[in-house]
Amino acid sequence: MQPILTAQDRENLVSPLFKFDRQFWMTIAVLSVITLPGLALYVRQLFLGLGVTDLNRPVFWGAYLVNFIFLIGISMAGTVISAVLHLLHIEWRRPITRIAESLTVFGLMTAGLQIIMDMGRPDRLLNTLIYGRLQAPLMWDIASLTLYLLTASFALYLQLLPDIAFMRDSTPDNAPTWRKKLYSTLSLGWRGNKEQWARLEKAITAVSVILIPIGVSLHTVTSWLFSTTVQPGWKSTILGPYFVVGAIYSGIGLLFIAVTFATQYNHHLKGYITDTFYKNLGWIFIVMSFVWFYFTLNETLVVTTEQETLEFPVMAAKLFGEFAPAFWGMNVLMVATTWILIALKLPNKARSNPLFKTTTGLVMTALAVVTFIALALNIPALHASLVKTVLLGAFIVFFILALLGLTGWFQAHLIPSTVIASAFVLFGMWLERWNILMPTLTHARIIPYTTYFPTVTEVALTISTFGILTLIFVVFYKFFPSISIWEVEAGRALEQKNGG
Amino acid sequence: MANWCMVIDLEKCVACQACSVACRMENNTPVVSPEEAKNGRAIRWNDVFPLPVHIAPEQGEYPNVKTHYATRPCMHCENAPCVKTCPVQATYIDEEGIVRQNYDRCIGCRFCTVSCPYGVRYFNWYAPQWEGTLENHLNPDELSVNGSLEGPAVRPVGVVEKCTYCVHRLVKARERAAAEGREFRADEYVPACVQTCTGKARYFGDLDDPDSTVSQLSKSLRATHLLEDSGAHPKTLYLAEG
């Protein structure tokens with residue numbers, strides 16, 4: 001029987017962690033350049049106050065809160081992938097559990113930052129511990145977030161443990177002493193004997209079981225921040241499950257992007273993370289996309305049909321008003337995503353019809369984008385209802401033709417198509433959170449309707465947040481292997497056993 | 001214990017905004033620039049605004065045009081959404097039914113401002129400032145409870161502030177009565193807006209005292225609340241026009 005982990009594996013997975021090459025420093029430099037302006041503007045906000053944002057009365061919450069919900073959402077990836085798939089004994093999860101679990105931890109860390117950015121008095125953060133009222137929804141959120149972060153970090157550490165020991169044993173001789181010390185301390189004397197493995201397996205299963213309800217609770221409680229108030233548009237019982245579904249949806253999107261980023265960064269990983277992963281998780285992605293549409297339809301249809309005096313103006317702002325570009329943009333992105341994902345599952349036939357040519361698809365995409373922008377800009381010259389109807393019809397035709405035309409390209413490019421679909425979902429889900437918060441806040445009951453548009457500070461801090469998220473990701477995976485070595489080993493052992 | 005309540009007679013109100021000005025001077029609410037005010041940053045604990053809010057306020061055809069106005073202090077709700085959502089109990093209902101704000105504890109999360117259906121809670125986006133000599137005419141009163149600022153002294157940047165029914169006046173009235181060695185009477189305490197009201201459209205007193213003006217007026221057929229259906233059980237009463 002051949003050894004399960006070869007010298008080649010060692011070369012592929014361990015050596016890059018000790019090479020601080022140009023690529024690494026360039027990545028760090030680019031990310032720092034992206035992150036720094038936001039940090040500088042945050043210091044300015046600290047000194048001047050939240051007046052540097054475009055927040056006002058009644059729009060007391062803005063981009064920071066949208067980012068908060070979004071980041072909470074993408075952190076769902078880890079829970080679903082590692083915990084659910086682990087409990088279901090699904091084998092293809094093995095190489096990507098590490099990235100999935102770490103995304104949960106990093107997502108939650110950056111989500112916590114949003115709360116601090118949004119606070120008028122960040123210096124009084126400890127008041128939440130000293131005077132915290134457990135009856136307040138915000139305290140549930142803080143408690144849930146803390147618990148989730150701790151549990152997810154613990155799960156990540158447990159899952160890392162055998163790999164840290166592996167790193168300790170395969171550290172090159174020329175590696176700095178502090179790194180050797182780091183691995184030997186963190187490995188907690190892991191020797192990999194039978195008893196230790198049995199205990200680890202038990203612990204990982206237990207944590208997986210605990211992690212699922214905690215994850216669901218955080219997303220639900222975050223929705224309760226809104227649905228426990230009496231504001232029109234938020235008073236909805238569907239918001240809890242809607243947030244959970246949206247979280248899983250965007251979480252999978254981020255996971256696809258992160259995994260692809262990691263394999264692009266270290267080409268050797270492509271041998272471990274294969275097309276199977278993209279294909280199988282793609283099925284879950286399709287299911288989530290339909291569930292998401294189902295919830296969106298419920299939420300939209302009911303309020304639109306009943307035309308209640310307080311709720312309907314908020315919905316009308318989304319359907320036809322100033323939030324229409326964001327609302328319909330979100331739906332268009334999600335429809336495109338769903339089609340891309342379905343196209344990847346359809347039989348790939350050679351098509352001679354010019355409708356199915358990539359060039360046709362690209363031209364139609366361009367036309368669809370132009371018509372959408374024309375509709376979104378709401379130019380007074382185009383206000384005549386006939387012009388609007390024609391534009392709308394043209395957009396729908398262009399959009400369908402664009403999707404059909406590009407189908408062949410999608411089918412020929414599994415990974416790029418999945419990444420495009422994931423990016424659409426991430427952007428669409430950010431817009432969804434925007435569409436939940438902003439129409440309600442700008443349409444207060446007895447305050448004149450207002451507008452809100454993020455200022456430079458808010459935009460820069462949003463960019464910084466995603467810069468920080470990527471920085472943590474890159475630095476973390478310079479110290480720890482980005483795929484779970486022992487899980488790959490276990491998977492191979494299982495294959496050998498089943499094969500032999 | 002008293003249950004303090006304000007009654008505003010919209011039939012008598014001439015929308016002169018004297019209450020707004022009196023409130024500003026009494027409670028040291030900061031002044032913002034016209035641009036900031038246009039962007040919804042003005043702090044007016046006692047706002048005068050046209051009703052209905054979301055459509056053109058003028059009703060009828062020229063020359064038979066009518067505009068309705070209402071004034072809006074805090075409703076001091078009995079089931080206050082702001083109190084329920086505050087994570088640190090920086091806002092609370094005291095035993096005399098006044099919704100109060102602890103400026104030294106508020107963390108500025110603005111959950112209360114979002115959950116208030118009436119929009120009567122205001123946030124200090126910048127450090128407060130006054131134009132010209134206005135700064136020399138601030139109300140020197142300061143109310144501290146257990147060392148925490150709750151009264152009209154200037155609030156710091158980043159906290160939420162609101163109408164307190166001028167609760168520092170209640171404290172002062174009680175102290176005066178005690179110093180003079182006599183019982184405190186409910187009519188010794190009125191908020192600045194009630195004291196100044198040009199048309200005598202505002203009444204103030206103890207809602208639990210069956211003989212008080214406010215409790216008599218609360219039985220009027222014209223007595224109503226703003227957004228009666230909000231579930232917050234607002235206390236500030238309005239006497240409807242007509």
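**Close-up views of a predicted two-chain model**

**View 1. A short hairpin in chain B.** Strand β3 (residues 58-59) of chain B pairs with β4(B) in the antiparallel sense, over two bridges. This view, like those that follow, comes from a predicted model. To find your way along the pair, start at Glu58(B), whose bridge partner in β4(B) is Thr67(B). Six residues lie between the two strands of this hairpin, and Gly60(B) takes a positive phi near 95° there.

**View 2. The other neighbour of the hairpin strand is β2(B), which also pairs with β4(B).** Strand β2 (residues 47-51) of chain B and strand β4 (residues 66-72) of chain B run antiparallel and are joined by five bridges. A handy landmark is Leu51(B), which stands opposite His68(B) in β4(B).

**View 3. An open sheet of four strands in chain B.** Reading across the sheet, the order is β11-β1-β13-β12, and the pairing is mixed. At the edges stand β11 (202-206) and β12 (223-224) of chain B; each has a single partner strand, so one side of each is left without a neighbour in the sheet. Which strand is joined to β11(B) by five bridges? That strand is β1 (residues 4-9) of chain B, and the two run antiparallel. Look for Val7(B), which stands opposite Tyr203(B) in β11(B).

**View 4. Chain B as a whole, with seven helices and 13 strands.** The radius of gyration of chain B is 18 Å, close to the 18 Å that the globule rule gives for 242 residues, so chain B is as compact as a globular protein of that length. Its C-alpha atoms fill a box of roughly 55 × 45 × 35 Å along the principal axes. Of the 242 residues of chain B, 46% count as buried. Among contacts in chain B between residues at least 6 apart in sequence, 64% join residues at least 24 apart.

**View 5. Chain A, with 18 helices and zero strands.** For chain A the radius of gyration is 24 Å, close to the 23 Å given by the globule rule for 500 residues, so this chain is as compact as a globular protein of that length. The box filled by the C-alpha atoms of chain A is roughly 75 × 70 × 40 Å, taken along the principal axes. Buried residues account for 43% of the 500 residues in chain A.

**View 6. Helix α10(A) and the largest nonpolar core.** This core has 184 residues, and those touching the most other members are Ala77(A), Leu103(A), Ile248(A), Ile252(A) and Leu255(A). Its largest share, 15 residues, comes from helix α10 (residues 239-265) of chain A. With 27 residues, α10(A) reaches 38 Å from its first C-alpha to its last, close to the 39 Å expected at 1.5 Å a residue. Is α10(A) largely enclosed or largely open? Of its 27 residues, 20 are buried, so α10(A) is largely enclosed by the rest of the structure. Zoom in on Leu255(A): leaving aside residues up to four places away in sequence, Leu255(A) touches Ala77(A), Ile81(A), Ile99(A), Ala100(A) and Leu103(A).

**View 7. The meeting of the two chains.** Here 38 residues of chain B are in contact with 33 residues of chain A. On the chain B side, α3 (81-85), α4 (111-115) and β7 (121-123) each supply at least two of the residues that touch chain A. The largest share of that side, four residues, comes from α4(B). By type, the chain B residues that touch chain A divide into 21 nonpolar, 13 polar and four charged.

Note on methods:
Residues numbered from 1 in each chain as written. Chains lettered and ligands numbered in written order. Predicted model: local features only at pLDDT ≥ 70, side-chain atom pairs only at ≥ 80, totals over all residues. Contact = placed C-beta atoms within 7 Å. Nonpolar A, V, L, I, M, F, W, Y, C, P; charged D, E, K, R; others polar. Core = buried A, V, L, I, M, F, W, Y, C linked by C-beta atoms within 7 Å. Buried ≥ 20, exposed ≤ 12 C-beta atoms within 10 Å, placed from the backbone. Rg over C-alpha atoms; globule rule 2.2 N^0.38 Å. Expected span 1.5 Å × (residues − 1). Pairing = 2+ DSSP bridges.
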